[in-house]
Amino acid sequence: MLGCATVTAQGYEDSVAGKALIAEMVSEHEFTEAELKGWLSQAKKQQSILEAIARPAEKTLTWAEYRKIFVTASRIGKGVEFWQKNEAALARAQEQYGVPAEIIVAIIGVETRYGQHMGNYRVLDALSTLAFDYPKRSDFFTKELKQFLLLAREQQRDPLSLKGSYAGAMGYGQFMPSSYRAYAADFDDDGFVDIWNNQQDAIGSVANYFVRHGWKTGAPVVSRARAASDFDQKLLNDSLKPKHTVASLKAEGFEPVTQLPGAAKANAMKLEGEHGVEFWMGLNNFYVITRYNHSRLYAMAVYQLSQEILQEKQT
């Protein structure tokens, strides 16, 4: 996770977009103008955030390079330790939500190395920088900044004190503010949802996120495949969301190496692996993993890490 870097500017309270946000939050959510101006006046533009978001690993690395970052002996071992420490909570989450414990552990492992790296940026700085100085995704991050201010108020936290990633993601599972408010779960029933410090809440929140995005209990995730020499290349990596079926892809010459239901929604993937081209068939649950991070490399890393952790725990 990147740390804080050089501050290049400070304060957004007098910018056109900043004034518009203040007016909206006062009018629609009963904040005071003074408190909003106070927070935005202390929000700092971070140039390193703009540089980081312009080169995400999911778009610059091959699968072979990406896999080496996340599917490692260290991350597998620490995943087993995290599982053993949280055995009861993970078993309960798997039972209640139907999401395998190893998938929950792998998400937390990929996102924050089991809580070791939750981000060093102030969330207010990250979201303000991207809302007001990154036009390409200004609308999205402006909405997230609004959600963050609402979240901080709901949790009675100081918006200036909370830390996260360069994109404003927070806690063990790196939830964006809107996801925190919509999907985070009070999994230990203490009356407070805390994915920064409470591992039980983090576990329940990840599981709830998956279920709310369509996870199907017991359904397959992904399978290695073989592609016929005349397979239509246009069908490869054509969509994260499954647009075809297992049967229709098989009819085109794309054959999974494991038996899958013919009617199951699926897509065909081609990845550049360590030993050359790899073909994969992704199903609904693979797509659900991409709702966490819209990347097939990310989803593959989570899945393969989960299987390695499961295997290591069982030995």
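**Entry 1: hairpin and sheet**

I began with the hairpin that β8 and β9 form, and I counted two residues between the strands. The model is predicted, and I read every entry below with that in mind. β8 and β9 run antiparallel and are joined by eight bridges. As one registry point I noted E272, which stands opposite V277 in β9.

I then looked up the sheet around the hairpin. It is an open sheet of five strands, in the order β6-β8-β9-β5-β7, with antiparallel pairing. Which strands stand at the edges? I found β6 (244-245) and β7 (254-256) there; each has a single partner strand, so one side of each is left without a neighbour in the sheet.

I went through two further pairings. β6 and β8 run antiparallel and are joined by two bridges. For H244 I looked up the bridge partner in β8, and it is A266. β5 (residues 222-227) and β9 (residues 276-283) pair over three bridges, in the antiparallel sense. Here V222 has G282 in β9 as its bridge partner.

**Entry 2: helices on the sheet**

Next I checked what packs on these strands. Helix α5 (residues 63-70) packs on the sheet and touches β8 (265-273) and β9. I read about 90 degrees between the direction of α5 and that of β8. Helix α15 (residues 296-314) lies across β5, β8 and β9. α15 also runs at about 90 degrees to β8.

**Entry 3: helix α12**

I moved to α12, residues 199-212. This helix has 14 residues and reaches 20 Å from its first C-alpha to its last, close to the 20 Å expected at 1.5 Å a residue.

How many residues of α12 are buried? I get 11 of the 14, so the helix is largely enclosed by the rest of the structure. The buried residues include Q199, D201, A202 and I203 towards the start of the list, and N208, Y209 and F210 at its end. I then asked what covers them, and the cover includes α6 (73-85), α7 (87-97), α8 (101-112), α11 (177-183) and α14 (284-290).

I also looked at both ends of the helix. At the start of α12, a side-chain oxygen of N198 reaches to within 2.9 Å of the backbone nitrogen of Q200. Just after α12, G214 takes a positive phi of about 105 degrees.

**Entry 4: helix α10**

I repeated the length check on α10, residues 138-154. Its 17 residues should span 24 Å at 1.5 Å a residue, and the end C-alpha atoms are 24 Å apart, which agrees.

The buried residues of α10 are F141, T142, E144, L145, K146, F148, L149, L150, L151 and A152. I noted the charged entries E144 and K146 in this list and kept K146 for the next entry. The buried residues of α10 pack against α1 (16-29), α2 (33-42), α3 (47-53), α9 (123-133) and α11. After the helix comes Q156, and I read a positive phi for it, near 55 degrees.

**Entry 5: salt bridges**

I counted the salt bridges and found eight in the structure. I looked at three pairs in detail.

The side chains of E24 and K146 meet at 2.7 Å, N to O. E24 lies in helix α1 and K146 in helix α10, so the pair ties together parts that are 122 residues apart in sequence. Is K146 buried or exposed? Its relative accessibility is 16%, and with the cut-off for buried at under 20%, K146 counts as buried. E24 is partly exposed, with a relative accessible area of 26%.

K313 forms a salt bridge with E87, and the closest N and O atoms are 2.9 Å apart. This pair also links distant parts of the chain: K313 is in helix α15 and E87 in helix α7, 226 residues apart. I looked up the exposure of both partners. K313 is partly exposed at a relative accessible area of 25%, and E87 is partly exposed at 36%.

The last pair I checked is D125 with R122, where the closest N and O atoms of the salt bridge are 3.0 Å apart. I noted that both D125 and R122 are buried.

Note on methods
Residues numbered from 1 in each chain as written. Predicted model: local features only at pLDDT ≥ 70, side-chain atom pairs only at ≥ 80, totals over all residues. Heavy atoms only, no water. Helix = DSSP H or I, 4+ residues; strand = E, 2+ residues; numbered from the N terminus. Expected span 1.5 Å × (residues − 1). Buried < 20%, exposed > 50% of the residue type's maximum accessible area, 1.4 Å probe, protein only. Contact = heavy atoms within 4.5 Å. Polar contact = N/O pair within 3.5 Å; in protein donor to acceptor, adjacent residues only side chain to side chain. Pairing = 2+ DSSP bridges. Axes fitted to C-alpha atoms, helices over the stretch in contact; angles between N-to-C directions. Salt bridge = Lys/Arg side-chain N within 4 Å of Asp/Glu carboxyl O.
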